[in-house]
Amino acid sequence: APPTNADATLNPADHYGGGTPTGNASVLLVGVHAVPVSTTTTRAIGDPIYIITATNVLTTTDATGANPLFGHADEPKSSTANEVIRVRIAN
C-alpha cells in the first residue's frame, strides 16, 4: 500500500514504491533507445548526440558547449532530418 498520512490520505511527498518528485523523470540508461535526431548531419556509430535543452530536440552539434551530451549513436545516421536512430544514453 502507498504511504499515507495519519488521516489515511495519500502522502504525496513520499514516493515509496516508485514514482518521482514533480519536475523529475525516470530514465532507463541500460541499452539503446530509438529517438529522432533533428539535423541533416551524418553520424557514425559512437559519434556524440546532443540535446537542445530549450526544446528537448536531439542534434549533432554541441553549439560550442551550449548543448549537453545526450548519448552516442549506436547506428549510423544519414543526412535525413529527424531520422530515428538508436542512441545509447550517456550516464
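## Arginine 86 and its surroundings

Arginine 86 has a relative accessibility of 37% and therefore counts as partly exposed, since that class covers the range between buried, under 20%, and exposed, over 50%. The structure described here is a predicted model, and the values given for arginine 86 and for other residues should be read with that in mind.

The side chain of arginine 86 meets that of aspartate 74 in a salt bridge, with a nitrogen-to-oxygen distance of 3.7 Å. Because arginine 86 belongs to strand β5 (residues 83-89) while aspartate 74 sits in the loop between β4 (69-73) and β5, this pair ties together parts that are 12 residues apart in sequence. Aspartate 74 is itself partly exposed, its relative accessible area being 25%.

## The network of salt bridges

Side chains of opposite charge can pair when their charged atoms come close. In this model there are three salt bridges, and Asp74, Glu75, Arg86 and Arg88 are linked by such bridges into a network.

Arginine 88 also forms a salt bridge with aspartate 74, and here the closest N and O atoms are 4.0 Å apart. This pair, too, links distant parts of the chain, with arginine 88 in strand β5 and aspartate 74 in the loop between β4 and β5, 14 residues apart. Like its partner, arginine 88 is partly exposed, with a relative accessibility of 42%.

Arginine 86 forms a further salt bridge with glutamate 75, in which the closest N and O atoms are separated by 3.9 Å. Here the link runs between strand β5, which holds arginine 86, and the loop between β4 and β5, which holds glutamate 75, the two residues being 11 apart. Glutamate 75, at 22% relative accessibility, is likewise classed as partly exposed.

## How the strands pair

Strand β4 has pairing partners in both β2 and β5. Strand β2 (residues 48-52) runs antiparallel to β4 and is joined to β4 by three bridges, and within this region isoleucine 49 stands opposite glycine 71 in β4. The pairing of β4 with β5 is also antiparallel and also extends over three bridges, and alanine 73 is found opposite valine 87 in β5.

## The nonpolar core

In soluble globular proteins, nonpolar side chains tend to be buried together. The largest nonpolar core of this model consists of eight residues, namely Val35, Val37, Ile49, Ile51, Leu58, Ala73, Ile85 and Val87. Strands β1 (33-37), β2 and β5 each contribute at least two residues to this core.

Some residues named in the strand pairing return here, for isoleucine 49, alanine 73 and valine 87 are among the core residues. Valine 35, another member of the core, is in contact with Leu58, Glu83, Val84, Ile85 and Val87 once its neighbours within four places in sequence are left aside.

## Aspartate 47 in the loop before β2

Aspartate 47 lies in the loop between β1 and β2 and, with a relative accessibility of 25%, counts as partly exposed. If residues up to four places away in sequence are not counted, aspartate 47 touches Gly71, His72 and Ala73. Aspartate 47 can also be placed relative to threonine 60, for the C-alpha atoms of these two residues, which are 13 residues apart along the chain, are separated by 8.5 Å.

How values were computed. Residues numbered from 1 in each chain as written. Predicted model: local features only at pLDDT ≥ 70, side-chain atom pairs only at ≥ 80, totals over all residues. Heavy atoms only, no water. Helix = DSSP H or I, 4+ residues; strand = E, 2+ residues; numbered from the N terminus. Buried < 20%, exposed > 50% of the residue type's maximum accessible area, 1.4 Å probe, protein only. Pairing = 2+ DSSP bridges. Core = buried A, V, L, I, M, F, W, Y, C linked by side-chain atoms within 4.5 Å. Contact = heavy atoms within 4.5 Å.
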